[in-house]
Amino acid sequence: MPCTTILVGKAASYDGSTIIARNDDSGAGSYTPKKYAVVHPEEQPRIYKSVISHVEIELPDDPMRYTCVPNALSGEGIWAASGVNAANVAMTATETITSNSRVLGADPLVCYEPADGDKPEKVGGIGEEDIVSITLPYIKSAREGVIRLGSLLEQYGTYEMNGIAFQDVDEIWWLETIGGHHWIARKVPDDVYVVMPNQFGMDEFDLADAFGAQNEFMCSADLPEFIEKHHLNVENMECVMLRNISQTGELQDKDENDDCGQEVDDTNNEIDSSDGTYTSIICPRDIFGSHDDADHVYNTPRAWFMERTLNPNSAVWDGPDADFTPVSDDIPWCMIPEKKITMEDVKYVLSSHYQGTPYDPYGNYGDKSLRGAYRSIGVNRTDFMSAIQIRPYAGEDSSAIQWLAFASNAFNVMAPFYTNVDEVPEYLANTSEEVSTDNFYWTSRMIAAMADASYAKSVFHIERYDEKVMSKAHEIIYRYDDLLGADRDVQTDAVSKLGQKLRQRANRETADMVRQAASDTLGKVLYELSNQMKNSYSRSDA
């Protein structure tokens with residue numbers, strides 16, 4: 001599905017937390033109602049069967065409890081999407097990404113084929129429907145998440161191109177699939193943020209580390225051979241000898257028949273040689289990704305705007321002398337932010353529609369013909385946004401917070417919920433097919449539709465709505481953090497049960513607050529919209 005992701009390393013965030021956040025957007029033509037849920041170990045299947053691909057996977061016998069944001073309606077599978085397990089490990093899956101025909105020809109996607117006459121059914125691989133459910137309950141670190149999912153991809157394959165984030169209190173790892181069975185993963189540096197807009201993202205990868213210490217990089221076992229065999233490396237470097245990287249990660253001597261005869265400095269894992277240049281650094285985006293015209297409308301503008309917002313002075317983003325434009329193919333995968341990134345910053349960039357630029361569909365700035373030229377981030381088809389914050393200063397029982405928003409981020413609010421709970425508030429859990437103000441999902445949908453149609457008059461109400469909910473949300477978390485920390489040094493069953501009650505009480509209080517604020521805002525935007533009706537009447541008309 002079309003989505004947008006931002007990842008924030010612990011040294012780049014305002015409070016030392018790791019943060020992973022993603023918009024989950026439905027496909028064109030319909031919404032996909034979502035809800036918030038907790039899955040308990042006894043509810044986790046031991047034999048998992050995918051609805052889309054029909055693949056069956058035997059799962060371990062020791063799953064952990066985890067939160068998720070699954071589809072509210074049955075029929076298309078679970079689509080657990082984003083959550084945190086009992087070990088305070090989180091993941092979000094998936095960011096649909098792009099590839100190119102050379103890669104997909106070399107390692108075709110594993111797609112389901114139904115039975116046809118004498119031809120038996122052919123099961124497909126795993127995909128977004130499945131990945132969280134078969135991975136998150138069984139991992140105790142972000143690194144373990146990469147290892148488990150990587151092995152599943154190699155065994156079962158995938159029917160789509162995806163990016164997946166894994167998170168614990170110390171690390172964030174980002175994994176991207178390559179064709180049907182291959183993958184790469186990189187640890188997000190602590191001092192940067194990463195932006196991912198539906199496009200193969202990583203712009204640097206160290207194969208020597210991936211086949212050596214694996215401090216910051218991991219990949220499928222035969223990736224160098226796969227690249228070389230299928231002539232995938234299109235980088236403008238004659239002497240990148242991928243086959244000369246041994247399984248120990250050491251750079252080996254070049255073949256006698258290779259006579260490039262270049263010398264380079266001993267930097268970026270390159271070494272001098274009398275008969276050639278060797279490097280273990282590759283650009284996965286160039287090798288495995290796409291640079292289509294469609295990317296310049298749909299993908300690259302989103303990366304441009306997010307980095308323009310968080311690093312306004314680090315590059316020239318506008319005008320004829322811009323370092324990066326909305327159609328640049330070399331926008332960095334990660335950057336060190338100019339200021340520490342807050343949860344409000346995360347929400348803002350994932351809600352953006354190119355504010356302050358000529359491309360804002362609601363704007364009145366610059367060339368009017370450019371309005372709506374690029375695919376916005378906060379689109380009407382967003383089903384939910386999940387921003388997971390794992391805080392090093394809170395106790396292990398309360399360190400993970402999952403911030404949730406439903407419907408279009410341009411008009412909604414996000415609210416924080418402790419994840420170490422046995423149940424979630426009804427207001428977030430009871431989404432149904434029926435449109436109703438009894439749940440957060442459909443109320444948010446109605447606010448978004450009305451505010452969009454009455455933007456000029458309603459945007460003020462949305463800004464007040466957002467500020468009110470965020471302020472109160474922080475207040476609730478601060479207060480309950482203090483209560484939860486009071487007896488943290490005393491480890492007894494009674495203290496543990498009290499902590500569970502406090503976290504669930506905090507979540508209910510947050511849900512009640514959001515429900516009231518949403519109801520008030522719905523009434524205000526309804527008024528603004530109805531006041532624009534052609535048969536509306538006011539005394540000033542008399």
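Here are four short exercises on this structure, each with a worked solution.

This is a predicted model, in which local features need pLDDT of at least 70, side-chain atom pairs count only at pLDDT 80 or more, and totals for chains, interfaces and linings use all residues. Residues are numbered from 1 along each chain as its sequence is written, and side-chain values use heavy atoms, with hydrogens and water left out.

**Exercise 1. The whole chain**

Find how many helices and strands the chain has, and what share of its residues is buried.

Solution. Begin with the elements: the chain holds 13 helices and 19 strands. Helices (H or I, at least four residues) and strands (E, at least two) are DSSP runs, numbered from the N terminus. Next comes burial, where buried means under 20% relative accessible area, exposed over 50%, and partly exposed in between (1.4 Å probe, protein chains only). Of the 542 residues, 57% count as buried.

**Exercise 2. Ile377 in its loop**

Work out whether Ile377 is buried or exposed, and which residues it contacts beyond its sequence neighbours.

Solution. First, locate Ile377: it sits in the loop between helix 9 (343-351) and strand 17 (382-390). Second, check the cut-off: Ile377 counts as buried because its relative accessible area is 1%. Third, list the contacts (heavy atoms within 4.5 Å). Leaving aside neighbours within four places in sequence, Ile377 meets Thr4, Asn23, Arg302, Met306, Val349, Leu350, Ser352 and Thr382. Finally, look at Ala303, 74 residues away from Ile377 along the chain: the C-alpha atoms of the two are separated by 9.5 Å.

**Exercise 3. Pro358 in that loop**

Decide whether Pro358 is buried or exposed, and find its distance to Leu370.

Solution. Pro358 also belongs to the loop between helix 9 and strand 17. With 19% relative accessibility, Pro358 counts as buried. Residues up to four places away in sequence aside, Pro358 touches Tyr365, Asp367, Leu370 and Arg371. For Leu370, 12 residues apart from Pro358 along the chain, the C-alpha separation is 5.8 Å.

**Exercise 4. Two helix residues**

Compare Ser458 with Lys501: is each one buried or exposed?

Solution. Take Ser458 first, which lies in helix 12 (residues 455-485). Ser458 has 0% relative accessibility, so it counts as buried. Not counting residues up to four places away in sequence, Ser458 touches Met450, Ala451, Val525 and Glu528. Now turn to Lys501, placed in helix 13 (residues 493-530). Lys501 reaches 58% relative accessibility and therefore counts as exposed.
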